[in-house]
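Trainee: Could you show me how to read buried helices, cavities and pockets in a model?

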Amino acid sequence: MSENKPKQDERLLELRNRIDTIDSEIARLISERANCALEVAEVKKSNGEDALYYRPEREAQVLRRAMERNPGPLTNEEMARLFREIMSACLALEEPIKVAYLGPEGTFTQQAALKHFGHSAVSKPLAAIDEVFREVEAGAVNYGVVPVENSTEGVVNHTLDNFMTSNLKICGEVELRIHQHLMISDITRKESITRIYSHAQSLAQCRKWLDSYYPNVERVAVASNAEAARRVKGEWNAAAIAGDMAAELYGLKILNEKIEDRPDNSTRFLIIGSQAVPPSGDDKTSLMVSMRNAPGALHDLLAPFQHHKIDLTRVETRPAQSGNWTYVFFIDFVGHRERENVAAALKEVGACASDMKVLGSYPRGVL
Ligand SMILES: C=C(O[C@@H]1C=C(C(=O)O)C=C[C@H]1O)C(=O)O
């Protein structure tokens with residue numbers, strides 16, 4: 001035993017007492033904050049604002065500020081995550097926000113929903129992207145969360161196509177680093193794996209890894225990663241590729257961690273709702289445009305953005321549902337539609353397009 005032990009014990013006791021004092025101060029301040037949020041809800045109610053107290057632009061500002069003034073040693077992301085949960089709990093005092101997501105439970109989309117709304121939101125898994133759109137349109141939930149693009153595998157066509165027939169708006173975005181793991185159940189025989197289940201996108205994200213380590217094993221695409229994990233539960237000769245949440249949900253053991261081919265593999269999700277979001281100070285806008293099929297059409301469409309010094313972050317093309325060989329462009333750019341240069345560019349684009357719809361201006365993803 002070190003002769004310093006009594007001294008160290010004393011120091012430990014002192015530090016723990018300090019932590020206890022700080023904790024009671026934090027608890028008092030969180031309660032004070034919660035009471036303020038309740039009062040804000042009262043004011044909103046007396047202003048006749050909708051029953052929805054959630055304000056995406058204000059939440060983005062609160063999170064950005066938490067990161068900007070972070071004195072350390074916690075990382076900015078950790079600090080913002082803590083504030084994310086405090087806000088989520090404060091908002092739920094009035095009424096928990098209801099969110100539908102592309103399920104089942106355990107998918108990356110659920111993880112994105114929790115990252116964006118915090119754990120006090122009530123989330124509801126649905127089986128298809130179309131169903132998420134319908135549920136939000138019907139007003140059964142306040143918001144929906146759907147994937148829109150993956151850095152390795154590209155765009156999620158289903159989500160873009162839904163905007164052609166829906167009047168929902170984009171109210172936010174959230175980006176998630178995607179880590180894929182190979183997992184097995186407690187009855188799986190490691191040496192006898194003949195089949196690997198996963199969603200097609202995930203199989204594609206791990207193609208090279210699978211070619212190296214399981215070249216002769218059958219790859220079976222199923223509806224979701226969580227479904228892959230569920231199947232493995234009862235099969236002694238199968239493994240699944242899925243994320244942490246699925247492993248936890250189905251009690252699977254992770255055999256190989258982070259097997260995605262690209263270390264920066266990430267997916268972007270959209271928050272869909274019926275609310276137009278005011279500027280937060282750092283925003284993006286998504287636009288859907290149809291053009292007549294004429295020479296120079298794409299140039300005419302993009303020129304106003306260059307002219308008004310607007311940064312494009314994405315341009316996607318999809319076949320229009322109205323006829324063969326006509327196209328719809330999905331364009332994302334930096335800036336809110338209420339900003340002068342954005343409004344001017346939109347006017348010019350509108351003048352040369354056969355159809356144009358602003359899908360939404362929304363805060364750039366913070367976390
Ligand atoms: C408190 C408000 O309402 C909600 C709760 C927030 C919070 O806890 O900070 C922020 C925005 C809203 O979602 C507000 O509008 O300021």
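Mentor: Let us go through a helix and then the spaces in this structure. This is a predicted model, where local features need pLDDT of at least 70 and side-chain atom pairs count only at pLDDT 80 or more, while totals for chains, interfaces and linings use all residues. Residues are numbered from 1 along each chain as its sequence is written, and side-chain values use heavy atoms, with hydrogens and water left out.

Trainee: Why is helix α4 described as largely enclosed by the rest of the structure?

Mentor: Helices (H or I, at least four residues) and strands (E, at least two) are DSSP runs, numbered from the N terminus. Buried means under 20% relative accessible area, exposed over 50%, and partly exposed in between (1.4 Å probe, protein chains only). Helix α4 spans residues 108-117, and eight of its ten residues are buried, so it is largely enclosed. Among those buried are F108, T109, H116 and F117. After α4 comes G118, with a positive phi near 80°.

Trainee: How many cavities of 30 Å³ or more does the structure hold?

Mentor: On a 1 Å grid over the protein atoms alone, a cavity is a set of points where a 1.4 Å probe fits but cannot get out; a pocket is an open set with protein on both sides within 12 Å along at least five of seven lines, and lining residues have an atom within 4 Å of a point. Grid points are joined across faces, edges and corners, and a volume is the space filled by probe spheres set on the points. Here there are three such cavities, and the largest holds about 190 Å³. Its lining has 17 residues, with A60, L63, H116, E173 and V366 nearest the centre. At least two lining residues come from each of α2 (56-68), α4 and β5 (169-177).

Trainee: Which residues lie closest to the centre of the largest pocket?

Mentor: That pocket has a volume of about 890 Å³. Its lining numbers 28 residues, and R33, V62, F83, I86 and M87 are the closest to its centre. α1 gives the most to this lining, with ten residues.

Trainee: What classes of residue line the two largest pockets?

Mentor: Ala, Val, Leu, Ile, Met, Phe, Trp, Tyr, Cys and Pro count as nonpolar, Asp, Glu, Lys and Arg as charged, and the others, Gly among them, as polar. The largest pocket's lining has 20 nonpolar, no polar and eight charged residues. For the second largest pocket, the lining has twelve nonpolar, 13 polar and no charged.
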